[in-house]
Amino acid sequence: MYGQTSFNYNQTFNELWDVSAMVGGAVKQTTYDNQRQYIKETFAIENWFSMNNTTLETGPMTSRERGDDLLLSVFASAQLAYANQIYLEIQARNDWSSILPPTNNHYFYPGASLSWIFTEAFEIPKMNFGKVRVSWADVGRPGPRYYGNVAFKVENYGGLPTMQLNDDDGSIYLPPADFAADGAGFPSPNLKPERKREYEVGFETAFFRGNRLSLDFSFFHNNTYNQIIQLPVPSSSGVKAVRMNAGDIAQNGIELSINTKPIMTKDWTWELGFNLANYTTKVVKLGKGITQQTLSGGKGNNVAIYATEGGQFGEFMCVLIKLMKMVKEL
């Protein structure tokens, strides 16, 4: 369920200044309910497809998953334009999420952008349009539902209900929490929202009659920090992994778009475009005391994908097991 309302304001002053503003709010309620009944491969009679056709004494097996989360938002923006050439926009939003613990369940993220269409102020030969732009924003998100909670799995044993900490794979996970100083008492959940901060600069230009050549260039840099991730811990701890806010991944990117119209006639136009892009990522920081994290593979395989502090995110590494054994034997 989603509902949103907003109020808008627009005004022009002296035929040069345009002011517009917007303020609003939104409510998003997400409900998930999945109930199943199955007998798997326990058929008593072949090719009779019925829930009663089972050798299980307890009858068909059932499972149910359900969940709810609520997101409340307020937001506002203001735009200021001067002489159809300079545009300034400021945005702000605050969210309250039921996924996060009460102490951290609200997060504010602002943004701003500024652009200048300089061809409205200067006449440049062969250039029909020219604009430079810069923007900055800081956004957030709450993470998966119940990720920061101690979740119990309800089952039954001998007809009696039981509650377990085990996940579907039989593993136990420790949610993000602050432990009591004296070692007593239940941990206090401390999951924080994941954040991403980014800035971008760029320009757009168009040349010749009919905009036969146009360019669009941008450079951006962002940092994704307080990432909501799961880090493995020794099995002797009694849990498989610790869920926490950790990591800072930086990314730089350059994008260039070149669009041309080699042939323009009265009846048809041939358009030809080129897109060039380059992205680099760097693992600035992982969790405390952790310098490498396995992203994929690594379980009996020679090749795995890692995030290594100071290196690129998603690097492939190959471990030559036979060579390592030979070295050990020397």
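**Notebook: strands, loop and rings**

Val139 stands opposite Lys196 in S12, and I took this pair as my way into the sheet. The model I am reading is a predicted one, which I keep in mind throughout these entries.

**Entry on S6 and its partners.** I looked up how S6 is joined to the strand that carries Lys196, and I found 14 bridges between S6 and strand S12 (residues 194-207), with the two strands running antiparallel. I then turned to the pairing of S6 with strand S5: S5 covers residues 106-117, S6 covers residues 127-141, and seven bridges hold them in the antiparallel sense. For a register point between S5 and S6 I noted Ser113, which stands opposite Ser135 in S6. As background to these counts, strands of a sheet pair through backbone hydrogen bonds, either parallel or antiparallel.

**Entry on the whole sheet.** Which order do the strands take in the open sheet? Reading across, I wrote down S1-S2-S3-S4-S5-S6-S12-S13-S16-S17, an open sheet of ten strands with antiparallel pairing. S1 and strand S17 (269-285) stand at the edges with a single partner strand each, so one side of each is left without a neighbour in the sheet. From one strand to the next the twist averages 10°. At the S17 edge I checked the partner, strand S16 (residues 248-264), and found that 15 bridges join S16 to S17 in an antiparallel run; within this pairing Asn252 stands opposite Thr280 in S17.

**Entry on Lys285.** I followed S17 to Lys285, which is found in that strand. Is Lys285 buried or exposed? Because its relative accessible area is 52%, and exposed means over 50%, I record Lys285 as exposed. Leaving out residues up to four places away in sequence, Lys285 touches Gly247, Asp248 and Glu309. I also looked up the distance to Ala307, which is 22 residues away from Lys285 along the chain, and found the two C-alpha atoms separated by 9.8 Å.

**Entry on Ser115.** Back in strand S5, where Ser115 is found, I looked up its cover and its surroundings. Ser115 has a relative accessible area of 14%, and so it counts as buried, the limit being under 20%. Its contacts, apart from those with residues up to four places away in sequence, are Gln85, Ile86, Tyr87, Lys131, Val132 and Arg133.

**Entry on the loop between S1 and S2.** What is unusual about the backbone of Asn14 and Glu15? Most residues other than glycine have a negative phi, and most peptide bonds are trans. Asn14, although not a glycine, has a positive phi of about 55°, and Glu15, also not a glycine, has a positive phi of about 60°. I placed Asn14 in the loop between strand S1 (2-13) and strand S2 (17-38), and Glu15 lies in the loop between S1 and S2 as well. Asn14 is exposed, its relative accessible area being 70%, and Glu15 is exposed with a value of 78%.

**Entry on aromatic rings.** How many aromatic pairs does the structure hold? I counted eight of them. A pair of aromatic rings is described by the distance of the centres and the angle of the planes. For Phe207 and Phe208 I noted 6.2 Å centre to centre and 45° between the planes, a tilted pair. Phe208 itself is partly exposed, with a relative accessible area of 37%. Elsewhere, ring pairs link Trp116, Phe118 and Phe122 into a cluster.

**Entry on the nonpolar core.** I listed the members of the largest nonpolar core, which has seven residues in all: Leu71, Leu100, Tyr107, Tyr109, Tyr147, Leu191 and Ile228. Taking Leu71 from this list, I looked up its contacts beyond four places in sequence and found Ala26, Val27, Lys28, Asp95, Trp96, Ser97 and Tyr107; Tyr107 is thus both a contact of Leu71 and a member of the core.

**Entry on the chain as a whole.** I closed with the totals. The protein chain has one helix and 20 strands, and buried residues make up 27% of its 330 residues. Of the contacts with a separation of 6 or more, 55% are between residues 24 or more positions apart. The chain exposes about 22,300 Å², of which carbon and sulfur atoms supply 57%.

Key. Residues numbered from 1 in each chain as written. Predicted model: local features only at pLDDT ≥ 70, side-chain atom pairs only at ≥ 80, totals over all residues. Heavy atoms only, no water. Phe/Tyr/Trp six-rings, centres within 6.5 Å; stacked < 30°, edge-to-face > 60°. Buried < 20%, exposed > 50% of the residue type's maximum accessible area, 1.4 Å probe, protein only. Helix = DSSP H or I, 4+ residues; strand = E, 2+ residues; numbered from the N terminus. Pairing = 2+ DSSP bridges. Axes fitted to C-alpha atoms, helices over the stretch in contact; angles between N-to-C directions. Contact = heavy atoms within 4.5 Å. Core = buried A, V, L, I, M, F, W, Y, C linked by side-chain atoms within 4.5 Å. Areas by Shrake-Rupley, 256 points an atom, 1.4 Å probe, with all protein chains shown as cover.
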